[in-house]
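Colleague: I have a model open and would like to talk through its charges, helices and odd backbone angles. Could you put it up so that we look at the same thing?

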Amino acid sequence: MVSIKTRYAVRALGPFECSQDESNNFETLKRLIDYPVSRTENGVEVCSIVTQREQFEVSCLLLCTLPNCLKIVHSKTSDFFTDALELPPLVSKPKLIHHTEALVDIIGRNIPKCVLLVASEYSSWNGDAVIVKYVQPSDVLGENSTTLKDRKSILAVLEKLDIRHDDSVIVASESVQRVAVIAVAILSVEFQNVSLCIFDPRGGTTKWANDLQAVPLELQDNSFDVPALTSSVEIQKSRKGASRETIQAYEAFLDSAPAGKCETKDWVKINLDGPSTSGDLPTKKSFFGMPSALSRDQFLQITNNILCYASFVLAPLGFPNFIRRRYTCAEFLSQTQVLVQDILEVCSDVAYEEFGVDETLMALSLHKWTEEVRDSECIEQIKTIGQLAQSLFELPRAVEIPLHLTSQRTSAILEKLLLELESRIDAACPWTLHSHFATNVQDTDLYAESLNKDMENDWKCMYAGVAYSLLYVPHQKFQTWNKLSNLQQRTLIQVVAESVRSIFETEVNISMVQVQALIEATPGMDEEAATWTKQIKYSFYAMMHTLSSSLESGEVDSERRERSASYVEQGDRFFRSGCYDEAISFYSKALLELPIFHALSWKAIVGKAKCYAKKGDTSVAQQLCKISLQLDQFQNEAYECLAEMFEEESDDFIEALQNYVVAFVLHGSRSLEVANSIDRVAKEIGRQTAKSFFDEMQKDHRLPASWLVVSYFEAFVHDIDHAITIHSDISKHLDVPLDALSTDTLYHRAIFHKRNQMYDKAQSDLQALLERNLADDIKATVLNLHSSFLYILGDVTAAIEKIDQSLEINVCVNSLVKKAGFMTELGDFEEAYKLYDEALILDCRSPDAYLHKGQTALLQGSYSKAVEWLRRTMARSVAIPIIHVIYATALYRSGSILQANDTFREACVLFPDSAEIHLFYGEILADQGDYAKAMQHFVLAHDILPECPLPFLNAGRVYVATNNPSSAIEHFNQALKVDPRCSSAHLDIAQVLFAQGRTSEAFRHFDAAANCCRFLPEVEEVYSSRAVANAQLKATEILGVDLRHLMRQK
């Protein structure tokens, strides 16, 4: 049944002339409106509008942009128009601003003006007389959003914004339709001087804007924040004198970067704050770059090996003739498309490993030799690889065969390959050659004897079951067979490819296309090859037996299969309804329609298992799941059922995680529900195991790297000591022993050390102060600062104890916000929000309370709440970089990507010497796939803060994303050289090594990461990741697959 959705239409009526201006207006409308716009006899028509609110917005836009428009009529269809809505009569039309230059010209005139930014998050404007304010269309729209509010309500909104009739008003936003609604509302109350931006003004703001006046921001409840005292002057003080030339150089630097992946080159260095050194660190050319392309000869050699390996994996001993007889080439290519792609991917990995290259390097080389240089031989080689399957099915008319490739030599190579295959397959994946079930040998012989004689004698299809596991096509064209799982296929591909590689270590590379051509051109070669392939026909039968749809051939007719499937469906319906006994009855009926241990029985058996699990009979449910897995080892539902029972009934989270991981792999790593279950159970394992480790681990009582301490204290607009004036002669007492100082002098020296980033000395002074008798105001401040240092050291419990003592003396905003941060670290978000609310009751204008509350919401994934609270922070202060960083990150996570990028760009101009901004912006750019500019921001961050490991850490993650593990590990190791206690670097190295199959090295880095952690949540993350790695490793044993293929599938 077709669903018909209501669409709306709008028609503007008036005496429109066929003039150049009218044509320009019509073209402007077509550009501004996303819906179809057309001319009519007496007006302009817009059709296919989705909602009534958008219909009203389009109407307002037509009214503003068409100068001779007399009336707007509306309807739900385009063929009948009625006066469904009435727009207010306008005394005057708004002035239209088409581009940035016109906007700059208007703002530059010396007349009082007010800029209304409709629902915009952030913008900046040039001009001393500009007042920026914010408003939502909902402020002027009625309840149904299809009419304006009454005149009194609109005037009240404008009065609240302090906009007078004689003000010059510019209305602008990223949405021109929303702008038009505001413009019509203002004009409807007899305002005369209104201009309408019919373009998005945000794109060019960073090019010409320098100042921002803090203004009220509209909140969700339609109230407005009080303007902050912070102004552009305060911003300028924090910028350390960034000159216009520096900003221009910075923008030129970023604009010159190509999109996508970086090329290796000498990096441009923008000197923002004088020369900076990084000790004995290597030059940046050694890092933050992509490798150079391979030479032409190297590229051809590697691709030649890929061709060799892939061709023999597709047909190890020749191509089966019966496939040609039963299938057309198009049918064959269609059925094997995914499989051929897997074969090429695995064989490429084998060749890359042989030559010590990676995907990124090969991608660069491919682009160079086939796109830039357009080398004919390289292009032909790639084309040959792409057409490999077709070439094997339909041999080219002419095939060049090397002189050394005689029929005798070919037979020797194939016989050697056969022995190598049998040996390696039996060792690495014996399930290829053996059935899952014990079968009667006599029955096997009988079945083998009854095989089609053409197939039995056709030696080209008899190669140890390899072809039938990799390139399996049923004997009967429309018969269905159960194949191996994708991961098992990849493991088998790997084994065959490595067998071929071992053969050609001492041979000149050839392809199976050449061998096949020689076989078909040499009389009698088929018979010679058949003599040494007959011995494996029973292994071939065993593979067929495993792939078949049941243990007995042809014993179930289609009618009984359909009845069984119908009973299973009815059982599923009762299960979803919670009627478990009825569901069990139908599942039992389904089983009666099938022979015992039939391969299709698993669905009914798993259904019964789920029912018994819900009824609380877990022993029966587990037994049924095990029987189901004996019938079909590669169906995920039984593993999911077992996982849920282990998690919910027995709290055996390790077994639950193991079964969830196996189920996820068998799902093809696409099930979001199972992925969430893995994450949930892994975190629970992390919490259970990390606590005891963290309690027993030997704590490092040294302060971490200074950049970490600085970043903590700079996350507060006003720390507890911001209002304290230090004694002017304190510099004379910096080297005086503690005992020789008065309490007041020691107190001022501690604050001096803290402000000048001499944190070890500040901590020592604070500890000495706590041993003295202090006045209450001094004691509260000292306890507050001491709790900060305890938190930085990782002793969150002690930090909470000290901050509580400070709060007992003096309840202040800073102490409440700090304690909320400590509670967040412990995962007590409810208590943290209570503390933030208490702080806001004390001072509703506190930027710190909103900043850290928004940051907590961001950590929880509540992105819309985070944006709301961080917007309030921006209304109160924009003087420190972290506000811009967290706000832009929240915008990005909430889906406002363009606004997030704008905010980051503006922050880079306002705070060019902030490493934090460049690090976070680089992460966002990398997440968008713009790796080149991301790397450039990491370079800038390293220039500004060379003692920070995060630029190398983030760059390493870019290399992981671009599948360049060797460069990733190199950068992670460099991060450890900068900061040996960087637990994240150890954790990232562990995960890269694990994905490569280097498990013992990986687990050593997991251990090192845990030992470097400062906070319990960090340890929990490490143990959670380690638990998942253990489960993945065990999954390879359960499924009989290679770890590298399992990780590749993620």
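Modeller: Before the charges, a definition: a patch is made of residues with over 30% relative accessible area and no salt bridge, where like charges are joined within 9 Å and nonpolar side chains (Val, Leu, Ile, Met, Phe, Trp, Tyr) within 5 Å. This is a predicted model, in which local features need pLDDT of at least 70 and side-chain atom pairs count only at pLDDT 80 or more, while totals for chains, interfaces and linings use all residues. Residues are numbered from 1 along each chain as its sequence is written, and side-chain values use heavy atoms, with hydrogens and water left out.

Colleague: Fine. Which residues gather in a patch of negative charge on the surface?

Modeller: Glu 644, Glu 648, Glu 649 and Glu 673 do, where Asp and Glu count as negative, Lys and Arg as positive, and His and the chain ends are not counted. The place of a charge is taken as NZ of Lys, CZ of Arg, CG of Asp or CD of Glu, and accessible areas come from the Shrake-Rupley method with a 1.4 Å probe, only the protein chains shown counting as cover for residues.

Colleague: Where does Glu 648 lie, and is Glu 648 buried or exposed?

Modeller: Glu 648 lies in helix α27, residues 636-648, helices being DSSP runs of H or I with at least four residues and strands runs of E with at least two, numbered from the N terminus. Glu 648 has a relative accessible area of 52% and is exposed; the classes are buried under 20%, exposed over 50% and partly exposed in between, with a 1.4 Å probe and protein chains only.

Colleague: On to salt bridges, then: how many are there?

Modeller: The count comes to 27 salt bridges, each being a side-chain nitrogen of Lys or Arg within 4 Å of a carboxyl oxygen of Asp or Glu. One of them pairs Arg 53 with Glu 57, with the closest N and O atoms 3.3 Å apart, and both residues lie in helix α2 (residues 52-65), four residues apart, about one turn of the helix. Arg 53 is partly exposed at 29% relative accessibility, whereas Glu 57 is buried at 7%.

Colleague: What about one that links two helices?

Modeller: Asp 988 forms a salt bridge with Arg 957, and their closest N and O atoms are 2.8 Å apart. Asp 988 belongs to helix α45 (residues 983-995) and Arg 957 to helix α43 (residues 950-961), so the pair ties together parts that are 31 residues apart in sequence. Asp 988 counts as buried at 11% relative accessibility, and Arg 957 as partly exposed at 35%.

Colleague: Which residues do salt bridges with shared partners join into one network?

Modeller: That network consists of Asp 719, Asp 721, Lys 754, Arg 755 and Lys 818. Lys 818 is also among the buried residues of helix α35, a helix mostly covered, with 11 of its 13 residues buried.

Colleague: And the odd backbone angles?

Modeller: Most residues other than glycine have a negative phi. Glu 190, though not a glycine, has a positive phi of about 70 degrees; Glu 190 is found in the loop between α5 (176-187) and β9 (194-197) and is partly exposed at 33% relative accessibility. Arg 374 likewise has a positive phi, about 55 degrees, without being a glycine, and is found in the loop between α12 (359-372) and α13 (376-386).
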